[in-house]
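The exercises below are meant to be worked with the sequence and the model side by side. Try each task before reading its solution.

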Amino acid sequence: MSTKTVMIIGAGIGGLCAGIALRRIGFEVRIFEKVREVRPVGAGLSLWPNGIQCLHHLGLGAQIRDLGGQMERMAYIDGLTGETMCAFPLTPLWNSAGIRGYPVARAATQEMLMDVFGREHIALGMRLVALQEEGAQVLARFADGTESRADFVIGADGAHSLVRDHLLGPLERRYAGYVNWNGIVDMDAAIAPADCWTTFVAQGKRASIMPIGAGENGQGRFYFFFDQPMPAGDTPAREDYKSLLQGCFSGWAEPVQRLIAAADAGAINRVEIHDIDPFSTWAKGRICLLGDSAHNTTPDLGQGACMAIEDAVVLEEKLRGTDDIPAALQAYQQARAARCADLVLRARARCDVTHGVDPVVTERWYDELRHETGAAILAGIAKTVEGSPVYAEFAAG
């Protein structure tokens, strides 16, 4: 089999993992990224055992362990009173999966993946403007006039994917009804325990804290996010983000106030959360989709990055040892579309419960949390993890 070439559009988590995966099986891989400087969107990622197992498969187990936080427990806290609603260990989940999950800093993870893939093979400032299949190759045109050809193209260019537009035409993104603020602060026991995923809930809002790996100063860090239901379309100035958070979470428990006070006003991200109705066409000819371009989801299951990493490993499996690239891309689509559609819709349903779409349903959830032993929550996470065909294959092997 002659050496095949692939262009990956997008240098995010999914695109980089796909590049690493396909190079393992002999492909010549180039990645094109539209931004001139990679600045990750979002401060942190939750990587559950299904995603971690895929990273081990790619030879990245030690690297991701070094970047991850030691998350041993989960706790839900009443955001107004500070009362613990429930708390339980994650050990049963790690034991049943045979591997633990890690929260990580998105920036550090993306930097690590870029180093492993090879920065010299990543072209920045390359905005795709057109794709065209020409026989057994695909021609890509970029805004600066550059043209490049490859045996196939992967669109890993995110929620606003131009590759997806090429395959399917524009698709409507659905606003999920809430804004997410996120960032990173130094660990502080007065905010949350260093080994616990702690989530404050009330009024259809959330303030959540996860331990991630140490920063350059050796200090342990928390990844945090706040969710606030509100209409879409507001465009506040970045310097106002912190005061807006203070207003939205006024009257909440003291740890939440400490978290907001500790946040660097200039480093808080604000994202209006959207998703896209699932679709089944991920590949046509010699072009396919991967990651958010294929399954844009709300973050309410914490599986967005894991889904993209799974995509990369399944794509590697389907392309291994074959010269029939269009058939391999169809097999990849068949293996992934239903799994990811299920997770997108489950995340959407979860989002509605946690963010007060129906206040009665949300209050009922709060009451359930006050009686939760952890069994139901862990069973839900395990269902998501073990539902991955990738995870099942590795667990069996």
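**Exercise 1.** Locate proline 231 in this predicted model, and decide whether proline 231 is buried or exposed.

*Solution.* Begin with the secondary structure: proline 231 sits in the loop that runs between β15 (221-229) and α7 (241-248). Next, take its relative accessible area, which is 65%; because the cut-off for an exposed residue is over 50%, proline 231 is classed as exposed. Finally, look for a residue remote in sequence: tyrosine 178 is 53 residues away along the chain, while the C-alpha to C-alpha distance between tyrosine 178 and proline 231 is 7.2 Å.

**Exercise 2.** Find where glycine 135 lies, and work out how far apart the C-alpha atoms of glycine 135 and threonine 109 are.

*Solution.* Glycine 135 belongs to the loop between β8 (128-134) and β9 (137-142), and with a relative accessible area of 65% glycine 135 is exposed. Counting along the chain, threonine 109 is 26 residues from glycine 135, and in space their C-alpha atoms are separated by 37 Å.

**Exercise 3.** Describe the backbone and the surroundings of glutamine 203.

*Solution.* Start from the general expectation that most residues other than glycine have a negative phi. Glutamine 203, although not a glycine, has a positive phi of about 60°. Glutamine 203 is placed in the loop between β13 (196-202) and β14 (205-212), and its relative accessibility of 47% makes glutamine 203 partly exposed.

**Exercise 4.** Which residues of helix α2 are buried, and what follows α2 along the chain?

*Solution.* Helix α2 covers residues 49-57, and seven of its nine residues are buried, so the helix is largely enclosed by the rest of the structure. Going through them in order, the buried residues are Pro49, Asn50, Gly51, Ile52, Gln53, Cys54 and Leu55. After α2 comes glycine 59, which has a positive phi near 80°.

**Exercise 5.** Place aspartate 367 in the secondary structure and state how far methionine 85 is from aspartate 367.

*Solution.* Aspartate 367 is part of helix α11 (residues 359-370), where a relative accessibility of 41% makes aspartate 367 partly exposed. Methionine 85 is 282 residues from aspartate 367 in sequence, yet the two C-alpha atoms are 8.6 Å apart.

**Exercise 6.** Identify the largest nonpolar core and the residues with the most contacts inside it, and then examine the surroundings of isoleucine 154.

*Solution.* The largest nonpolar core contains 101 residues, and Leu22, Leu47 and Ile154 have the most contacts inside it. Helix α9 (residues 304-319) contributes nine residues to this core, which is the largest share. For isoleucine 154, set aside the neighbours within four places in sequence; the contacts that remain are with Val6, Met7, Ile8, Ile9, Ala18, Leu22, Cys288, Leu290 and Leu315. A second core, separate from the largest, has 25 residues, among them Trp181, Ile191, Phe222 and Val256.

**Exercise 7.** Characterise the chain as a whole by its secondary structure, its compactness and its charges.

*Solution.* The chain holds 13 helices and 18 strands. Its radius of gyration is 21 Å, close to the 21 Å that the globule rule gives for 397 residues, so the chain is as compact as a globular protein of that length. Buried residues account for 54% of the 397, and, of the contacts with a separation of 6 or more, 73% join residues 24 or more positions apart. The chain exposes about 15900 Å², of which carbon and sulfur atoms supply 50%. As for charge, there are 37 positive and 48 negative side chains, and the centres of these two sets are 2 Å apart.

Notes:
Residues are numbered from 1 along each chain as its sequence is written. This is a predicted model: local features need pLDDT of at least 70, side-chain atom pairs count only at pLDDT 80 or more; totals for chains, interfaces and linings use all residues. Side-chain values use heavy atoms; hydrogens and water are left out. Helices (H or I, at least four residues) and strands (E, at least two) are DSSP runs, numbered from the N terminus. The radius of gyration is taken over C-alpha atoms; the globule rule is 2.2 Å times the number of residues to the power 0.38. Buried means under 20% relative accessible area, exposed over 50%, partly exposed in between (1.4 Å probe, protein chains only). Contact means heavy atoms within 4.5 Å. Accessible areas come from the Shrake-Rupley method with a 1.4 Å probe; for residues, only the protein chains shown count as cover. Lys and Arg count as positive and Asp and Glu as negative; His and the chain ends are not counted. The place of a charge is taken as NZ of Lys, CZ of Arg, CG of Asp or CD of Glu. A nonpolar core is a set of buried Ala, Val, Leu, Ile, Met, Phe, Trp, Tyr and Cys residues joined through side-chain atoms within 4.5 Å.
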